[in-house]
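User: I would like to learn how to read a model of a protein with a ligand. Please take me through it one feature at a time.

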Amino acid sequence: MPQPEPLSDQDIAARLGELPGWSVSEGLLRRGYHFAGHFPAAAMVIHIAQIQEELGHHADLTLGYNRLAIAVNTHSAGDRITALDFGLAHRIEAVAAAHGAD
Ligand SMILES: C[C@H](O)[C@H](O)[C@H]1CNC2=NC(N)=NC(=O)C2=N1
C-alpha cells in the first residue's frame with residue numbers, strides 16, 4: 001500500500017467543494033449529522049464502521065442523543081489530510097440520506 005501524501009490547502013479546498021456539509025478545522029476533515037432519534041444515529045455508526053473496515057481507514061465518531069460527529073485525518077501521513085480521508089467522506093455521504101441524516 002503506497003503511503004498517502006498529505007494534500008495541499010488548495011487541493012483540500014477543491015475537494016471540499018464536492019462535499020457540501022464537510023469542513024476542515026484543527027487538521028481534521030469534519031461533518032456533523034442530525035437524526036430523528038438516537039437509534040437511527042447509532043445505526044449509522046454501525047454502517048460507517050462497516051465501511052471503515054472495508055477501506056481500512058477510520059474516523060473518530062462521536063455519538064450524541066440524535067447527532068453524530070465525524071472527524072478524520074490520516075495517521076500514517078503524520079495526522080495530515082489525504083485522499084484516503086476524502087474517500088471515506090464520500091462513502092459516508094453516499095449512505096447518509098438513506099439513514100435519514102441531515
Ligand atoms: C493496519 C491499518 O489498516 C492501518 O493502521 C490503518 C487503520 N486505520 C487508519 N485510519 C486513519 N484515519 N489513518 C490511518 O493511518 C489508518 N491506518
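Analyst: We will go through confidence, the ligand site, the nonpolar core and a few loop residues.

User: What are the pLDDT figures for the protein chain?

Analyst: This is a predicted model, so confidence comes first. The general idea is that coordinates should not be read in detail where pLDDT is low. Here the protein chain has an average pLDDT of 97, and 99% of the residues score at least 70. The model as a whole has an ipTM of 0.97 and a pTM of 0.97.

User: Which residues are around the ligand?

Analyst: The idea is to list residues with a heavy atom within 4 Å of the ligand. In this model they are G56, H57 and H58, together with N73, T74, H75 and S76. Sorted by class, this shell has seven polar residues, no nonpolar residues and no charged residues.

User: Which polar backbone atoms lie by the oxygen or nitrogen atoms of the ligand?

Analyst: For a polar contact, look for N or O atoms within 3.5 Å of each other. N73 has a polar backbone atom 2.7 Å from a nitrogen atom of the ligand. A nitrogen atom of the ligand also lies 3.4 Å from a backbone N or O atom of G56. At S76, a polar backbone atom is 2.9 Å from an oxygen atom of the ligand. As for cover, the ligand on its own has 390 Å² of accessible area, and the protein covers 56% of that.

User: Which residues of the largest nonpolar core touch the most other members?

Analyst: A core is read as buried nonpolar residues joined through their side chains. The largest one here has 23 residues, and those touching the most other members are W22, Y33, M44, I70 and I92. Two or more residues come from each of β2 (28–34), α2 (38–55), β4 (67–72) and α3 (83–96). The element that gives the most is α3, with six residues.

User: Back to the ligand shell. Is N73 buried or exposed?

Analyst: Relative accessible area under 20% is the cut-off for buried. N73 counts as buried because its relative accessibility is 8%. This residue is in the loop between β4 and α3.

User: What does the side chain of N73 reach?

Analyst: The side chain of N73 reaches two backbone oxygens. One is the backbone oxygen of D79, at 3.0 Å. The other is the backbone oxygen of G27, which lies 3.2 Å from a polar atom of the N73 side chain.

User: What about T74, and which side chain does the side chain of T74 contact?

Analyst: T74 is also placed in the loop between β4 and α3. With a relative accessibility of 1%, T74 is classed as buried. Its side chain makes a polar contact of 2.7 Å with the side chain of D85.

User: Which residues other than glycine have a positive phi?

Analyst: When reading backbone angles, note the residue type along with the sign of phi. E26 is not a glycine, yet its phi is positive, at about 50°. D79, also a residue other than glycine, has a positive phi near 60°.

User: Where are E26 and D79 placed, and are they buried or exposed?

Analyst: E26 is in the loop between β1 (23–25) and β2. Its relative accessible area is 77%, so E26 is exposed. D79 lies in the loop between β4 and α3, and its relative accessible area of 43% makes D79 partly exposed.

Definitions and conventions. Residues are numbered from 1 along each chain as its sequence is written. This is a predicted model: local features need pLDDT of at least 70, side-chain atom pairs count only at pLDDT 80 or more; totals for chains, interfaces and linings use all residues. Side-chain values use heavy atoms; hydrogens and water are left out. pLDDT is the predictor's confidence in each residue, from 0 to 100. A polar contact is a pair of N or O atoms within 3.5 Å; within protein, one must be able to donate a hydrogen and the other to accept it, and residues adjacent in sequence count only if both atoms are side-chain atoms. Accessible areas come from the Shrake-Rupley method with a 1.4 Å probe; for residues, only the protein chains shown count as cover. Ala, Val, Leu, Ile, Met, Phe, Trp, Tyr, Cys and Pro count as nonpolar, Asp, Glu, Lys and Arg as charged, and the others, Gly among them, as polar. A nonpolar core is a set of buried Ala, Val, Leu, Ile, Met, Phe, Trp, Tyr and Cys residues joined through side-chain atoms within 4.5 Å. Buried means under 20% relative accessible area, exposed over 50%, partly exposed in between (1.4 Å probe, protein chains only). Helices (H or I, at least four residues) and strands (E, at least two) are DSSP runs, numbered from the N terminus.
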